[in-house]
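Subject: the structure I promised you

Hi,

Here is the structure we talked about, with its sequence. Have a look around before you read on, and keep the viewer open while you do.

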Amino acid sequence: MAAPSAKHNVFQAVADPTRRKLLRMLADQEMPVTAISGHFPMSRTAVSKHLRILADAGLVTERKVGRETRYRLEPEPLLELKRWFAYFEQFWENKMAMLKHYVESDESEGIGPK
């Protein structure tokens, strides 16, 4: 789980599509904010605000290299999301099983698609 002192929780942080894209970009490599900003149709300041929310949730870390700030993904807080989704997966699997049963029973009764 996220640290209690975090200003933003993981769920709030990943709710925004821009921040989800940032996480995907940082999954493979550490990147400076200048390089990250080039992938978005917004100002560097706006990208930095998104990165700050991710950092507050513990999803990214930053480090200074000279005058440059580089960001890196910290995937551990995502385990909270994984556990939450894992609980609800049982309902999705149940619905798929019910759909499969329904489709197969319709086909066996001759009222399915032709």
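Below is what I found, going from the whole chain down to single residues.

First, a caution: this is a predicted model.

**The overall picture**

The chain has 114 residues, and 30% of them count as buried. You'll find five helices and three strands, and if you walk along the sequence they come in the order α-α-β-α-α-β-β-α. The accessible surface is about 8200 Å², with 57% of that belonging to carbon and sulfur atoms. Among contacts with a separation of 6 or more, 53% are between residues at least 24 positions apart.

**The sheet**

The three strands make an open, antiparallel sheet in the order β1-β3-β2. Why do β1 and β2 each have a side without a neighbour in the sheet? Both stand at the edges with a single partner strand, so one side of each is left free of sheet neighbours.

β1 and β3 are held in register by two bridges. You can pick out P32 with its bridge partner R70, and M31 opposite Y71. Between β2 and β3 there are six bridges; one of the pairs is T61 with R72. These two strands form a hairpin with two residues between them, and G66 there has a positive phi near 65°.

Now colour β3 by face. Side chains in a regular strand alternate between the two faces of the sheet. In β3, T69, Y71 and L73 make up the covered face, while E68, R70 and R72 are on the uncovered one. Helix α2 packs on the sheet and touches β1, β2 and β3, with its direction at about 95° to that of β3.

**The core**

Nonpolar side chains tend to be buried together in soluble globular proteins. Here the largest nonpolar core has 22 residues, and L26, I36, L51 and L59 touch the most other members. Two or more residues each come from α1, α2, α3, α4 and β3, and α4 gives the largest share, five residues.

Try selecting L26 to see how this works. Leaving out neighbours within four places in sequence, L26 is in contact with M31, I36, L51, V60, Y71 and L73.

**Helix α4**

This helix covers residues 44-56. Does its length come out right or wrong for a helix of 13 residues? At 1.5 Å a residue it should span 18 Å, and its end C-alpha atoms are 18 Å apart, so the two agree.

The buried residues in α4 are V47, H50, L51, I53, L54, A55 and D56. An α-helix has 3.6 residues a turn, so residues three or four places apart point the same way. The buried residues of α4 pack against α1, α2, α3, β2 and β3. After the helix comes G58, with a positive phi near 80°.

**One residue to finish on**

Is A13, in helix α1 (residues 10-14), buried or exposed? Its relative accessibility is 0%, so A13 counts as buried. Beyond its neighbours within four places in sequence, A13 is in contact with R19, I53, L54, A57 and L59. Two of those, I53 and L54, are also on the list of buried residues in α4. The C-alpha atoms of A13 and R52 are 9.7 Å apart, although their positions lie 39 residues apart along the chain.

Have fun with it!

How values were computed: Residues numbered from 1 in each chain as written. Predicted model: local features only at pLDDT ≥ 70, side-chain atom pairs only at ≥ 80, totals over all residues. Heavy atoms only, no water. Helix = DSSP H or I, 4+ residues; strand = E, 2+ residues; numbered from the N terminus. Buried < 20%, exposed > 50% of the residue type's maximum accessible area, 1.4 Å probe, protein only. Contact = heavy atoms within 4.5 Å. Areas by Shrake-Rupley, 256 points an atom, 1.4 Å probe, with all protein chains shown as cover. Core = buried A, V, L, I, M, F, W, Y, C linked by side-chain atoms within 4.5 Å. Pairing = 2+ DSSP bridges. Axes fitted to C-alpha atoms, helices over the stretch in contact; angles between N-to-C directions. Expected span 1.5 Å × (residues − 1).
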